Amino acid sequence: MWGLVRLLLAWLGGWGCMGRLAAPVPAWAGSQGHPGPALLRTRRSWVWNQFFVIEEYAGPEPVLIGKLHSDVDRGEGRTKYLLTGEGAGTVFVIDEATGNIHVTKSLDREEKAQYVLLAQAVDRASNRPLEPPSEFIIKVQDINDNPPVFPLGPYHATVPEMSNVGTSVIQVTAHDADDPSYGNSAKLVYTVLDGLPFFSVDPQTGVVRTAIPNMDRETQEEFLVVIQAKDMGGHMGGLSGSTTVTVTLSDVNDNPPKFPQSLYQFSVVETAGPGTLVGRLQAQDPDLGDNALMAYSILDGEGSEAFSISTDSQGQDGLLTVRKPLDFETRRSYSFRVEATNTLIDPAYLRRGPFKDVASIRVTVQDAPEPPAFAQATYHLIVPENKAPGTLVGQISASDLDSPASPIRYSILPHSDPERCFSIEPEDGTIRTAVLLDREARVWHNLTVLATEMGEESWPERGYVPSLGAKQAYTSKPSQRNPGKSLTGTYSSAQSSRVQVAIQTLDENDNAPQLAEPYDTFVCDSAAPGQLIQVIRTLDRDEVGNSSRVSLQGPLGPDANFTVQDNRDGSASLLLPSRPAPPRQAPYLVPIELWDWGQPALSSTATVTVSVCRCRPDGSVASCRPEAQLSPTGLSTGALLAIVTCMGTLLALVVLFVALRRQKQEALMVLEEEDVRENIITYDDEGGGEEDTEAFDIAALQNPDGAAPPAAGPPGRRDAAPGPAEPLDDWGPLFRTLAELYGAKEPPGP
């Protein structure tokens, strides 16, 4: 039935758009072979309306959608209709004789909404155009065949908790591919399918809004809302599509912190130092992030003195720590209150406050074995220098807080007194000197004294019994209080404490003053009387304030060559007196006496060397040598060079002479050696007793290499070898000349 209705609509639309063409006049000029003036005909244009075809229609046969007709066509069958353009011959076909146009297949408006075609009437026999071609349009008429879709879905949105009714959450948008200008196929209406009563949607715009007040994130944090879009204005028969919107409630600070319990109890050992964690408090806040940050504080002064509380790095928990040292013997428990407060408070939710909570805290101090406690945190003792070993310096005192009657033993840690300058009584902590102390060598001695509790003690006469446990045995030296007795026992290394003892060595006047440095100065021979030659400074190694004042005094009397003036500040000025010092070859040695003002006063003497020099006009030294005083004119440089050259020449001649003489002596010794050997080899005579001894030099026979040349005298039993008399005579005159130059005696002849 619906198909017939659509066919009827197409038929009516086609005939309502049929065109007409005017009747032809005699042939166009030059037609049919008849020359002559052409006869023109009057032509009227095609009159068209649009053709329509319903989309998605698919019948058993092609559907007629319209008809073309020309006034030239008189029904004789001589007119042929042609159709060209979009879809011609495939989608649309035309009956050449009648001009009926049919659609051959189903069309989709969403794919192509209209087709542009070209119609023309021609002569069937000659295909000569009877009318110019005319353009017309076939539109595809829309039907509701596309449901709405949400191209951006699914959606995610966030809205603060506790928002007012009507707060906008998000806007959703659906699209319908149908023709919005034809009917209601593309007219959409939005509704909420799931999510009521918490959210609503605007039916025209698709804006999602909150529908109820005071939605609490802590109760339900996330909602799934289903939104539907329906075309045809939402009426029955329309197509629809849906999407989901996930709505998350964001947190606001609408919940105050709350302690899960009203009383917290902690315990801490008394030896816990400052900063030790006592306990952790956690107030609960269901809010998130910055809305859950908390600050903790102690309300009562009793607890704030001994303890402190702070927030951890996450801003959630409160950390209770020790603020100052605790003492079980002094106080065994503390009670106070702690408050937790939100750091960020939203004024819009003050009505839900107050945003804080209070809890009570009780801290119990536990007793613990404590090391000995010294009477002072540090000790400062003094002792004069140069005191005999065994001099009392001071006393160190410590006690056992847990058991005041327990004995304490004292000792000095070796590394703090490497030179063993002090000793300590193990029983009473008395410190004495062990060596002579010198303040100038070391002023301060920093000792570390160890005080140890005795777990079990035993004097030898009491019958010492070793104790059990991780303890160490000890043996102390005989003390002055108990001579001849050694204290033995055991002590736990954990129950000991240390204290710093600073011993200051006091100064005594035991160092005589002296010059700060050796002074060797000069004065110009042209200096005026009273001129300052040198400032002499002194040094006293004793401590400032004891005997630091030093006085100086020089030679007195009218014959003094120099004047020493005491400046009364530990220095003196060496001045040239009114009578100038007479020039002399050697420097002046000025004696100076130094003494301090200590008790008893110490003195010393020193000497300052002063040379009288010749100075240039600008005051610089020209010469300070002794020969400058003896020969004012001096020698020239040429004369000095001549003297040095002459002395060098004489020295060279002497060396040459000694070398030649040694060479001759060696030659003579070789000849003597040969003669001796020859005498020994060829000697074949009977012994003559003493005569043989006198005939030969026994020393020469025993040591031929060191034999001296034969002396002049009577010959022996054999003839002596010829000696070097002639060469020595050749050098005689030269030797005598050298001897005369140096004042020596004439050398002996051969």
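Is Met-162 buried or exposed? At 10% relative accessibility, Met-162 counts as buried, where buried means under 20% relative accessible area, exposed means over 50%, and partly exposed is anything in between (1.4 Å probe, protein chains only).

Before we go on, keep in mind that this is a predicted model, in which local features need pLDDT of at least 70, side-chain atom pairs count only at pLDDT 80 or more, and totals for chains, interfaces and linings use all residues. Residues are numbered from 1 along each chain as its sequence is written, and side-chain values use heavy atoms, with hydrogens and water left out.

**Odd spots in the loops**

Let's stay with Met-162 for a moment. You'll find Met-162 in the loop between strand 8 and strand 9 (168–171); strands here are DSSP runs of E, at least two residues long, numbered from the N terminus. Most residues other than glycine have a negative phi, and most peptide bonds are trans. Here are four places that go the other way:

| Place | Feature | Value |
|---|---|---|
| Met-162 | positive phi | near 65° |
| Arg-568 | positive phi | near 60° |
| Gly-153 to Pro-154 | cis peptide bond | omega about -5° |
| Leu-196 to Pro-197 | cis peptide bond | omega near 5° |

Arg-568 lies in the loop between strand 38 and strand 39, and at 68% relative accessibility Arg-568 counts as exposed. As for the prolines, Pro-154 is in the loop between strand 7 (134–141) and strand 8, while Pro-197 is in the loop between strand 10 (189–194) and strand 11 (199–201).

**Strand 14 and its partners**

Now for some pairing, which takes at least two DSSP bridges between two strands. Strand 8 (residues 155–160) runs parallel to strand 14 (residues 240–250), and six bridges link them. Strand 13 (residues 222–230) is antiparallel to strand 14, with nine bridges. Look for Thr-246 in strand 14: Thr-246 is the bridge partner of His-156 and also of Leu-224.

**An open sheet further along**

Four strands make up an open, antiparallel sheet in the order 34-36-39-38. Why is one side of strand 34 and of strand 38 left without a neighbour in the sheet? Strand 34 (514–515) and strand 38 (563–566) stand at the edges and each has a single partner strand, so one side of each has no neighbour there. Strand 36 (residues 532–539) and strand 39 (residues 571–575) are antiparallel and joined by five bridges. Across that pairing, Leu-532 sits opposite Leu-575 in strand 39. In a regular strand, the side chains alternate between the two faces of the sheet.
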